[in-house]
Amino acid sequence: MTLSQRRAHETDRRLRLLVGLVVVLATAVVGGALHLAVTSPFPTSATDGATVVMLAFLIAVGTRVTIRIRIRSTNQSISWNETAIIVGAAIAPGPWVVLCTAVGIAIAFHRLPRIKLAFGVGKNVLVALGAVITLTALDWRWPPEQAFDMVAPLAVAYLVAAVIDDVLAIPAIALASGNKIPRQFRTNLDLRLAGFAARFVVAVCTLLILRADPRLLLAVPPLVLSLHLAYSARVRARTEQQTWQRLARTTDALNVVDLDRVLTTAVVQAAELFSADEVEIALPTVDRTVRGTNAGITYDGPHDDTAATTGTVVPIALEGHDGTDDVGALRLGFHGPVRLSEREQYTLRTFASALCTAVRNAQAYAELARVSEEHAHAASHDALTGLANRRHLLEQGTRQLSTRHADGVTALVLIDLNHFKEVNDTLGHTAGDRVLAQVADRLRHAARPDDLVARLGGDEFAVLLRGLPAPAVAAHRAERLLGALDEPVDVDGMRISVEASGGIAVPGPDGGMPELLRRADVAMYQAKRSGQRLCTYATTSDTADLARLTLGGELPRAVADQEFTVNFQPIVDLATGEAIGAEALARWHHPTHGMIDPMRFLEAVERSGLLPAFADAILDQALLAVTAWREAGFDLPVAVNVSPRSLLDPQFPRSVLTRLRAHDLPPDRLILELTETLTLSQLDVVDQVLGRLRDAGIQLALDDFGTGYSSLSLLSRVPVHELKIDRSFVTAMDTSAEAAAVIRSTLDLGRSLDLTVVAEGVENEPQRRALWELGCTAGQGHLFARPMSSSALLATFRRGSGGRPGSLAPPLHDSGAVIRLPGGRRQPGRARPDRHPHLPA
């Protein structure tokens with residue numbers, strides 16, 4: 001059972017109780033009156049049987065002459081029966097007045113339903129009893145000696161009758177209409193009082209006429225008719241006035257932009273305005289139905305054809321004045337049969353039109369609000385990941401910093417994905433977007449609810465940590481965020497490892513959110529430069545990072561003006577001290593800052609999109625140096641470091657071969673040094689690029705061997721010619737058994753695979769001799785020469801060591817004291833035919 005049905009059931013129960021009480025009392029009164037009428041003689045001196053018949057007739061006619069007012073599905077009537085009852089009580093015995101009232105009302109209401117008939121008869125019987133008892137108590141006698149002596153007793157009797165009538169009728173009307181009794185009593189009180197006064201005047205005039213001359217009763221019907229018509233007109237005018245006032249108030253109440261308020265107001269006000277038992281508004285365009293009474297909403301949800309009201313339903317479409325823009329339907333429900341008057345139908349059409357306008361306005365406003373909210377969200381959030389963007393981070397951070405003293409410590413973690421461009425270049429931007437979306441989702445779940453996770457652009461994320469108990473907690477929280485990225489990301493069946501670097505910063509005494517973001521950025525690049533996963537901002541290293549950040553904007557000019565130069569460090573045969581090659585080392589000759597180390601600008605070059613132009617410039621300078629050395633009689637190869645991102649470019653081999661042909665050099669005079677990364681071991685495009693380079697005769701070297709992620713597995717995929725032992729192992733070989741073990745295992749691996757092994761960072765003779773004794777044949781380091789320009793290195797070659805051109809150190813042994821086994825090292829000044837085919841045309 002719905003709420004509306006429960007309320008209707010409760011109302012019906014109370015109404016039946018009231019009707020039952022009235023009927024029981026009236027039945028007792030009628031029984032008593034019948035007993036008195038039978039046992040007492042009828043006073044023929046006052047009246048006769050014709051008078052009793054006339055009295056019953058007058059009560060029946062007074063009851064039929066009514067003004068009808070519909071309340072819900074029930075028509076309530078304002079009648080003249082009190083006038084007939086008072087006249088009868090004044091001229092007839094009390095028991096007969098009660099009986100005539102019962103008979104007259106029954107005759108007038110014989111077509112009504114039984115419950116209405118019983119209530120009408122019972123109420124009026126009690127009214128007649130009240131009038132009779134009042135006149136008897138006032139010692140009433142008919143006819144009175146003086147005409148004016150009857151006004152006061154009649155007024156008291158009429159007042160008692162009117163009060164009894166209202167006390168019994170108003171609760172029944174209130175229950176039937178769903179109104180409160182005090183409110184129902186106040187409704188049209190002035191009209192009821194005016195009606196009572198008019199009917200009392202008619203009763204007094206009728207009795208005065210009867211006292212003077214019964215023949216003058218012929219003037220009473222025209223008088224009653226005139227009064228009835230005047231009173232009816234006034235009631236109708238008042239009803240219409242109240243209706244239009246309520247309609248105006250209702251349409252004003254609908255002038256809101258919230259659809260929920262519009263529908264709630266419309267349901268409640270329509271139930272009140274049209275005296276309906278239930279009102280329903282159906283909006284099929286939004287699949288919503290709202291149903292209720294004047295007490296409130298009973299249903300609000302998806303469209304439901306099952307209405308609670310059983311009886312009469314009056315529907316009307318919700319459309320504009322021109323009959324267009326039909327948005328739904330309004331339905332008035334009544335428990336019983338109802339037919340709306342012409343005025344009510346016009347009012348209903350006006351109300352429906354106003355409701356249609358209100359619904360359209362509310363829907364339009366809701367759409368505007370939705371679009372505005374979407375635009376506001378789009379302006380403050382990243383479209384790809386749904387995270388906050390830089391603008392939103394700055395706004396929220398600024399607000400947070402203004403209240404940070406009351407909300408704990410605030411910190412910012414900046415996270416940048418390493419080598420993410422390789423994913424975009426290899427798998428496409430769609431796959432890259434999926435990686436970013438998964439990274440964003442992981443960071444969102446790893447962060448606490450109070451933290452703000454943002455994407456600043458590209459592969460850069462930020463997390464604003466709020467409410468920290470102490471600054472030291474920020475590092476622990478940042479580790480947890482980066483730890484969420486340890487598990488590989490699954491993209492189209494491929495598992496891609498995500499490496500990230502992070503920087504932590506806490507607010508300083510001034511600078512606000514932009515300064516906090518800058519500090520986190522500085523810390524993040526400190527982590528990248530030092531090879532750590534996470535760094536906390538330190539003021540001492542801020543100056544260098546500021547310079548690095550400013551240098552990034554000067555890269556296009558540096559490439560265009562050829563500010564990048566190359567220094568060379570020779571690679572030496574450890575046994576003889578002869579140069580067998582050289583490594584090209586890029587430098588930036590800045591017009592203001594002087595010579596800049598590559599560690600400060602290489603990553604910026606890779607991120608800027610200038611990598612191809614930068615690589616071409618360095619390769620050209622390296623090959624020019626080889627050409628100059630060859631012309632001077634020193635035919636040495638040159639090793640050039642290759643960025644992992646260059647290996648993702650399928651055009652890279654063609655670019656390298658084009659430059660070799662331009663300088664008329666065989667491919668074996670170029671060695672490309674590769675840095676170990678996960679990219680080299682996972683991406684097929686790298687295998688293809690390296691295979692083309694190898695097939696063309698270009699030598700490949702694996703730099704910093706032993707420090708990467710998968711050194712041994714790389715050798716099974718990458719066709720290298722040479723391994724380079726990282727300088728950290730050479731430096732620690734005298735004091736660390738682990739470092740010495742790495743060197744020995746690398747040398748054993750090189751011999752078994754017929755690879756040249758070069759030791760980096762040879763600083764002194766003991767290191768040189770120890771490496772030689774372990775089987776290492778080649779090395780480079782400050783013991784032999786520091787990095788220098790091409791011309792300076794050529795002069796060093798010519799000068800030689802101990803008068804030997806091309807030699808940079810004295811030999812470890814006398815000539816002929818050592819028998820050199822084939823393979824395992826470079827031959828100074830000449831190519832190895834089995835490994836270095838000529839450059840194809």
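This passage describes the confidence, the two five-stranded sheets, the helix contacts and two unusual backbone angles of a predicted model.

Confidence across the predicted chain averages a pLDDT of 78, with 77% of the residues scoring at least 70. Within the chain, the highest mean, 95, belongs to strand β23 (residues 778-780), whereas the lowest, 46, is that of helix α22 (residues 678-682). Over residues 71-76 the pLDDT is below 50, although this stretch has 30 contacts in the model beyond near neighbours in sequence. A second stretch, residues 827-841, likewise stays under 50 in pLDDT, and for it the model has 38 contacts beyond four places in sequence. Where pLDDT is low, the predicted coordinates should not be read in detail.

One open sheet consists of five strands in the order β5-β4-β3-β7-β6, with antiparallel pairing. Its edges are formed by β5 (296-301) and β6 (312-318), each of which pairs on one side only, and from one strand to the next the twist averages 15 degrees. Within this sheet, strand β3 (residues 278-283) is joined to strand β4 (residues 288-293) by five bridges in the antiparallel sense, and Ala282 has Thr289 of β4 as its bridge partner. Two helices are in contact with these strands. Helix α11 (residues 342-380) packs on the sheet by touching β3, β6 and β7, and its direction makes about 50 degrees with that of β6. Helix α10 (residues 259-273), in turn, lies across β3, β4, β5 and β7 (328-334), and runs at about 40 degrees to β4.

Another open sheet also has five strands, arranged in the order β9-β10-β8-β13-β14, but here the pairing is mixed. The edge positions are taken by β9 (452-457) and β14 (534-536), each pairing on one side only, and the twist from one strand to the next averages 20 degrees. Strand β9 runs antiparallel to strand β10 (residues 460-468), to which five bridges join it; among the paired residues, Ala454 has Ala462 in β10 as its bridge partner. Helix α15 (residues 473-483) lies across β8 (409-418), β10, β13 (499-505) and β14, and its direction is at about 140 degrees to β10. Helix α16 (residues 512-530) lies across β8, β9, β10, β13 and β14, running at about 135 degrees to β13.

Helix α16 also takes part in a helix-helix contact, since its axis and that of helix α12 (residues 390-402) come within 8 Å and cross at roughly 115 degrees. The two helices are therefore roughly perpendicular to each other, and α12 passes α16 in a right-handed crossing. On the α12 side the contact involves Arg390, Leu393, Leu394, Gly397, Thr398 and Leu401, which meet Gly512, Met513, Pro514 and Leu517 in α16. By class, the residues of this contact comprise six nonpolar, three polar and one charged.

For helix α13 (residues 420-427) and helix α14 (residues 429-446), the axes come within 6 Å and cross at roughly 140 degrees, which makes α13 oblique to α14. Phe420, Val423, Asn424 and Leu427 of α13 form this contact with His429, Ala431, Gly432, Val435 and Leu436 of α14, and the residues involved divide into six nonpolar and three polar, with no charged residue.

A further pair is formed by helix α20 (residues 611-631) and helix α21 (residues 652-662), whose axes come within 10 Å and cross at roughly 30 degrees. At that angle α20 is roughly parallel to α21, and the crossing in which α20 passes α21 is right-handed. The contact is made by Asp616, Leu619, Asp620 and Leu623 of α20 together with Ser655, Val656, Arg659 and Leu660 of α21. These residues divide into four nonpolar, one polar and three charged.

Finally, two aspartates are notable for their backbone angles. Most residues other than glycine have a negative phi, and most peptide bonds are trans. Asp139, in contrast, has a positive phi of about 60 degrees although it is not a glycine, and this residue is found in the loop between α5 (114-137) and α6 (151-177). Asp664, also not a glycine, has a positive phi of about 55 degrees, and its place is in the loop between α21 and β19 (670-675).

Technical notes
Residues numbered from 1 in each chain as written. Predicted model: local features only at pLDDT ≥ 70, side-chain atom pairs only at ≥ 80, totals over all residues. Heavy atoms only, no water. Pairing = 2+ DSSP bridges. Helix = DSSP H or I, 4+ residues; strand = E, 2+ residues; numbered from the N terminus. Axes fitted to C-alpha atoms, helices over the stretch in contact; angles between N-to-C directions. Contact = heavy atoms within 4.5 Å. Parallel < 35°, antiparallel > 145°, perpendicular 65-115°, else oblique. Left-handed = near helix turned anticlockwise from the far one by under 90°. Nonpolar A, V, L, I, M, F, W, Y, C, P; charged D, E, K, R; others polar. pLDDT = per-residue confidence, 0-100.
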